[in-house]
Amino acid sequence: MTGFVSDVLVAFDWFVLIYFLVLNLSYLALIGLAVVGVTRSMRRAAFAGQEDVFANPLTPGVSVVAAAYNEELDIVDSVHSMLALRYPLLEVIVVDDGSTDATFERLREAFDLTPSRRAIPSEVPTLGRVLSTHAAGGGVPLLVVCKENTGRKTDPINVGINAARHPLVCLTDGDSVLEERSLLKVAQPFVDDPERVVATGGVIRPINGSTVEQGLVSDVRMPRGWVARIQVVEYLRSFLLSRSGWSHLGGLPIISGAFGLFRRDLLVEVGGLDLDTVGEDAELVIRIHATMRREERDQRVVFVPEPVCWTEVPEGLRVLARQRRRWSLGMAEVLWKHRRMMGNPRNRVMGLLTLPHYLFFELLGPVVELTGLVAVAAGLALGLIDVWFAVLVAVAAIGAGLLLSIAAIATEEYSFRRHGRWRDLGVALTASVVELLGYRQLVAFWRLQGLADFLMRRRSKWGTMRRVGFGTSPGPIPGRRGG
Amino acid sequence: MSVQTMVVPALIGLGATLAVLTVAAAVGKARRRATDARRERRLAEVRPSVLRMVGAGGSVPDPEGEGASWEAVEELAVSLLPKLRGADRAGLVELLERAGSIERARRRSYRPGAVGRARAIELLGVSGVPRALPEVARGLRDRDPGVRAVAARALGKMGDPGAVPFLLRALEKPRPIPVSLIGMALARIGPEASDGLRVGLSAPSSVSRGVSAELLGHFDAVAAVPELVALLEHDPVLGVRVRAADALHRIGSPHALSALTGCLDASQSPALRAASARALSTVGPGAAQDDLVTALASGDHGLARAAAGTLSLGGPAAVRRLAAVASSAGVGSDEAIEALAALGHAEVFSGVAA
């Protein structure tokens with residue numbers, strides 16, 4: 001019996017070793033692809049002429065849609081940020097999802113809202129009734145839609161999609177701050193290839209510690225707390241390397257709900273956002289891929305590896321735990337819902353590489369990581385594993401983790417360089433090390449909890465994050481070509 | 001070979017990679033800062049002499065004589081020329097001619113390095129010297145996509161209508177240039193590009209036909225109305241027909257009335273019907289009211305909104321028919337109410353139409 005247990009333990013340790021070897025090799029491949037993609041994007045940016053997109057009569061109009069629920073602290077700054085977007089033909093639609101605080105009052109005071117009779121069709125499914133619509137004074141292209149709260153984050157976004165008038169719809173959060181040229185950057189692929197591009201997304205960055213003036217990020221700094229600092233590195237890794245890499249392969253699985261641009265007709269065709277899925281942003285993109293493949297259309301979902309949107313990340317472990325648990329639950333739901341795409345050659349990269357990667361390495365990664373730690377500890381205790389070998393493997397695992405983070409930081413330094421200070425570079429490098437000493441294991445535990453929630457059919461609740469707000473005074477709103 | 005003997009070298013390699021990446025990040029930051037500072041310094045050195053020359057209304061100083069870096073002068077000229085007009089612009093171009101920059105750029109446009117070719121073509125484009133058109137147009141077929149993009153923009157800046165056929169052909173394979181760049185270049189050339197764009201309406205590529213139609217609309221090219229009407233009625237690609245309708249909307253010629261009314265027919269796609277309904281607001285407000293009321297009740301929001309908007313501009317009779325739909329609370333009433341509200345009809349808010 002003891003011999004059998006030993007054999008199983010040793011076999012499992014080998015499995016864990018091989019698993020991490022394959023995992024890190026796949027990440028290295030993604031790094032390589034991402035570096036090619038970022039280099040190409042940087043090179044193109046020098047000649048692309050984003051100002052040409054602004055002045056171009058062929059540039060399609062965009063409806064920016066943001067859902068807001070109890071955002072009284074940030075909402076005015078966020079809307080100023082959306083209105084300040086440099087884009088020739090723009091309207092902003094804020095859907096107040098039955099806020100119980102002063103969100104609507106803040107908007108009414110700031111933008112001189114008056115009742116309007118906007119006709120909102122029912123082209124994508126919604127649950128909550130629209131109570132009223134309000135237009136901003138002074139020719140500001142802002143529409144505020146008040147609706148009943150149904151406890152679904154996606155319901156107000158679908159209402160916004162229905163209300164949108166322009167051929168492109170930008171989905172963003174009510175608590176995000178956008179770069180002035182965000183839309184020009186993510187709209188460029190639509191202008192360049194109007195027949196084939198159906199959705200684009202860009203890089204999201206944490207805003208904690210930075211200064212916001214007149215709805216725009218004016219001074220980029222690292223956050224003060226280590227939890228947020230580590231997330232800066234995590235976001236760099238995720239957006240700059242992982243998503244760029246998948247996009248380069250043609251299998252981008254997600255466009256962040258914080259900022260994404262979609263063709264409205266396609267959103268209507270696929271039925272908008274799923275009202276019952278927690279990972280609604282990934283679910284939408286994978287459903288778009290599924291539609292494209294099913295209909296055998298030559299269409300593209302494109303990732304623009306440039307910073308476009310800034311969002312507040314959790315500073316405390318409790319809120320972070322809830323967020324990561326929810327993300328893991330969402331990922332499990334999405335993979336389960338689209339399980340038939342996996343392994344199906346018709347779905348190309350998405351079916352053969354992306355979804356299997358997300359299943360085995362992202363969703364099940366924490367299971368292997370944490371059970372692997374226990375198995376190695378047991379193996380050491382029973383004398384089945386050489387101590388020196390275990391130390392070497394541990395160092396290799398830490399080194400591989402560091403490699404990804406430092407590759408992301410180096411890529412950033414050679415590309416966008418949003419953190420200009422030497423101190424910020426030092427903090428980012430230190431955060432890469434600190435992440436491996438407890439934070440990563442905690443996150444793996446929370447992700448495991450999220451997977452357990454899915455298996456036990458426990459629904460995630462949307463928690464509230466204590467926000468500090470961007471704390472600035474609004475500036476003048478630039479005029480627009482239309483609305 | 002044992003596992004340990006494999007792991008140790010791998011670890012050493014990993015450590016070395018980490019060290020290299022960390023140093024690379026720091027070097028990258030330092031190098032970028034130094035490069036930016038050096039470039040700014042050079043530009044600051046030459047800026048006063050170039051600006052003095054521009055301000056002096058065309059008198060040309062010798063920048064070499066002032067110890068300036070000629071590369072920096074060229075860089076500054078590339079950024080300044082698009083903003084200058086008249087004698088200032090002519091003076092700066094003359095300065096570049098006298099120093100041989102234009103001829104050097106024409107030669108450099110054949111160089112092996114893509115960056116050098118792109119810079120040369122950019123300089124030729126902003127200087128707008130007509131004899132450089134062949135070199136810049138040749139750039140549209142360059143093997144490097146960056147150079148092709150620069151060439152398209154340069155042709156737009158040159159503003160020569162003779163470049164229109166080259167630009168439209170550049171939308172086609174094997175080395176297509178993004179529509180945004182070609183569209184912008186054609187838009188920069190302006191209404192003088194209309195003759196070339198009219199030819200583009202019969203191009204084999206649907207992208208070329210669509211871009212040509214849309215830009216002719218932006219240029220209010222009344223002379224192109226017959227070709228646009230033909231495109232609206234007969235093009236095999238729906239998107240091209242929609243763009244032809246949009247162009248006719250901008251131009252607003254009554255000669256398109258019959259064709260647009262025909263496209264309102266229920267057998268046509270909602271997108272084409274909506275574009276045609278919108279176009280009727282400028283081409284013939286008050287016309288085709290029966291078809292517009294039918295479109296308003298189609299159940300398609302975009303089409304109903306376009307029909308309601310056009311009816312609201314069609315005079316008292318059309319507005320009465322719109323109000324009747326609004327008060328019916330049936331299909332299309334929301335769109336009718338919105339259109340009436342836009343006209344400022346108070347009864348919409350007092351609930352008469354609800």
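Helices here are DSSP runs of at least four residues, numbered from the N terminus. With that in hand, let us walk through this structure, which is a predicted model.

**Salt bridges**

Over all chains, the structure holds 45 salt bridges. A good one to start with joins A:Glu283 to A:Arg287, whose closest N and O atoms are 2.8 Å apart. Both residues belong to helix α9 of chain A, and they sit four residues apart, about one turn of the helix. Are they buried or exposed? A:Glu283 is buried, because its relative accessible area is 0%. A:Arg287 has 14% relative accessibility, so this residue counts as buried too.

Other pairs reach between helices. The side chains of A:Arg447 and A:Glu362 form a salt bridge of 3.9 Å, N to O. Because A:Arg447 lies in helix α14 of chain A and A:Glu362 in helix α11 (residues 348-363) of chain A, this pair ties together parts that are 85 residues apart in sequence. A:Arg447 is partly exposed at 22% relative accessible area, whereas A:Glu362, at 17%, counts as buried.

In chain B, B:Arg243 pairs with B:Glu214. Here B:Arg243 comes from helix α13 (residues 238-251) of chain B and B:Glu214 from helix α11 of chain B, so the salt bridge ties together parts that are 29 residues apart in sequence. Both of these residues are buried.

The table puts the three pairs side by side.

| Pair | N to O distance |
|---|---|
| A:Glu283 and A:Arg287 | 2.8 Å |
| A:Arg447 and A:Glu362 | 3.9 Å |
| B:Arg243 and B:Glu214 | 2.6 Å |

Salt bridges can also link up into a network, as they do for B:Glu97, B:Glu103, B:Arg106, B:Arg131 and B:Glu135.

**Cavities**

How many cavities of 30 Å³ or more are there? The count comes to five. The largest cavity has a volume of about 130 Å³. It is lined by 16 residues, and the closest to its centre are A:Ile157, A:Leu171, A:Gly257, A:Leu273 and A:Asp281. Helix α9 (280-294) of chain A, which we met above, gives two or more residues to this lining, as do β6 (168-173) and β11 (259-263) of that chain. Sorted by class, the lining has eight nonpolar, four polar and four charged residues.

The second largest cavity has a volume of about 90 Å³. Its lining includes A:Met222, A:His419 and A:Asp424, and also B:Lys29 from chain B. Three helices of chain A, namely α7 (226-249), α13 (387-414) and α14 (422-455), each supply at least two lining residues. By class, this lining has six nonpolar, one polar and four charged residues.

**On the surface**

A nonpolar patch on the surface is formed by A:Trp14, A:Ile18, A:Leu21, A:Val22, A:Leu25 and A:Leu28, with about 570 Å² of accessible area together. A:Trp14 is found in helix α1 (residues 2-48) of chain A. Its relative accessibility is 40%, so A:Trp14 counts as partly exposed.

**Two backbone angles to look up**

Most residues other than glycine have a negative phi. B:Asp220 is not a glycine, yet its phi is positive, at about 50°. This residue sits in the loop between α11 (206-218) and α12 (225-234) of chain B, and its 45% relative accessibility makes it partly exposed. B:Ala329 also has a positive phi, near 60°. Look for B:Ala329 in the loop between α18 (316-328) and α19 (333-343) of chain B. At 61% relative accessibility, B:Ala329 counts as exposed.

How values were computed
Residues are numbered from 1 along each chain as its sequence is written. Chains are lettered from A and ligands numbered from 1 in the order in which they are written. This is a predicted model: local features need pLDDT of at least 70, side-chain atom pairs count only at pLDDT 80 or more; totals for chains, interfaces and linings use all residues. Side-chain values use heavy atoms; hydrogens and water are left out. On a 1 Å grid over the protein atoms alone, a cavity is a set of points where a 1.4 Å probe fits but cannot get out, and a pocket is an open set with protein on both sides within 12 Å along at least five of seven lines; lining residues have an atom within 4 Å of a point. Grid points are joined across faces, edges and corners, and a volume is the space filled by probe spheres set on the points. Ala, Val, Leu, Ile, Met, Phe, Trp, Tyr, Cys and Pro count as nonpolar, Asp, Glu, Lys and Arg as charged, and the others, Gly among them, as polar. Patches are made of residues with over 30% relative accessible area and no salt bridge: like charges are joined within 9 Å, nonpolar side chains (Val, Leu, Ile, Met, Phe, Trp, Tyr) within 5 Å. Accessible areas come from the Shrake-Rupley method with a 1.4 Å probe; for residues, only the protein chains shown count as cover. A salt bridge is a side-chain nitrogen of Lys or Arg within 4 Å of a carboxyl oxygen of Asp or Glu. Buried means under 20% relative accessible area, exposed over 50%, partly exposed in between (1.4 Å probe, protein chains only).
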